[in-house]
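Take a moment with the sequence and the model. Then follow the cysteines, one by one, and see how the chain is held.

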Amino acid sequence: CTATGGCEACPPGSYKEESGPSLFCSSCLEGTFSNVSGATSRSACLPCPPNSTSRAGSNSSADCSCAPGFSSASDPPTADTCVPCSEGSFKAMSGFGACQPCAANSSSAEGAAGCACDEGFRAVPG
């Protein structure tokens, strides 16, 4: 290492695959996490459970939450129990919030992140 201040391990949620004086570690991608300090490969970033996601650079499985269109089936909610929103409901954001019913004259398929206006109806501005 040619850094005059020495070298330190990349923090959990990141990795660095090549040696050299770079100051930067690469973040684990969205939907993955790593609790390993000093990781040397992207393979240290593990996937969140099915139907869940996490922000880039996550350092714990606790950072995983249900993806849009999915809600946790357990109480307390966990990413291991994300199930699709039922037909006619949606969840637009990731997290542990509940699926919401579609508005009147709109519908959705199972696992939807939003609802679409039914035939003969248009979206209301605002």
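Begin with a cysteine that has no bond. In this predicted model, the cysteine sulfur closest to that of C117 belongs to C115, and the gap is 9.3 Å. That is too far for a bond, because a disulfide needs two cysteine sulfur atoms within 2.5 Å. How accessible is C117? C117 is partly exposed, with a relative accessible area of 38%.

Other cysteines are paired. A disulfide is a covalent bond between the sulfur atoms of two cysteines. The structure holds 6 disulfides. Let us walk through three of them.

Start with C10 and C25. A disulfide joins C10 to C25, with 2.0 Å from S to S. C10 sits in the segment before β1, a strand that covers 14-15. C25 sits in the loop between β1 and β2, and β2 covers 26-27. The two cysteines are 15 residues apart, and their bond links distant parts of the chain. Now look at the twist. The torsion about the S-S bond is -85°, and this link of C10 and C25 is left-handed. Are the two ends buried or exposed? C10 is buried, because its relative accessible area of 7% falls under the 20% cut-off. C25 reaches 29% and counts as partly exposed.

Move along to C28 and C45. These two form a disulfide with an S to S distance of 2.1 Å. The torsion about their S-S bond is about -75°, so this disulfide is left-handed. Where do the partners lie? C28 is in the loop between β2 and β3, with β3 at 32-33. C45 is in the loop between β3 and β4, with β4 at 46-47. The pair spans 17 residues and links distant parts of the chain. C28 is buried, at 0% relative accessible area. C45 is buried too, at 10%.

The next stop is C48 and C64. Their sulfur atoms are 2.1 Å apart, and they form a disulfide. With -75° about the S-S bond, the link of C48 and C64 is left-handed. C48 lies in the loop between β4 and β5, and β5 covers 52-53. C64 lies in the loop between β5 and β6, and β6 covers 65-66. The bond therefore ties together parts that are 16 residues apart in sequence. Both partners fall under the 20% cut-off and so count as buried: C48 has a relative accessible area of 9%, and C64 has 2%.

Now step back to the whole chain. How many helices and strands does the protein have? There are 0 helices and 12 strands. Read along the sequence, the pattern is β-β-β-β-β-β-β-β-β-β-β-β.

What about the overall shape? The C-alpha atoms fill a box of roughly 65 × 35 × 20 Å along the principal axes. The radius of gyration is 20 Å, whereas a compact globule of 126 residues would have one near 14 Å. Of the 126 residues, 28% are buried. Contacts give another view. Take those between residues at least 6 apart in sequence: 36% of them join residues at least 24 apart.

Finish at the surface and the charges. The protein exposes about 8000 Å², and carbon and sulfur atoms supply 54% of that area. There are 5 positive and 11 negative charges. The mean positions of the two sets are 8 Å apart.

Note on methods:
Residues are numbered from 1 along each chain as its sequence is written. This is a predicted model: local features need pLDDT of at least 70, side-chain atom pairs count only at pLDDT 80 or more; totals for chains, interfaces and linings use all residues. Side-chain values use heavy atoms; hydrogens and water are left out. Helices (H or I, at least four residues) and strands (E, at least two) are DSSP runs, numbered from the N terminus. The radius of gyration is taken over C-alpha atoms; the globule rule is 2.2 Å times the number of residues to the power 0.38. Buried means under 20% relative accessible area, exposed over 50%, partly exposed in between (1.4 Å probe, protein chains only). Contact means heavy atoms within 4.5 Å. Accessible areas come from the Shrake-Rupley method with a 1.4 Å probe; for residues, only the protein chains shown count as cover. Lys and Arg count as positive and Asp and Glu as negative; His and the chain ends are not counted. The place of a charge is taken as NZ of Lys, CZ of Arg, CG of Asp or CD of Glu.
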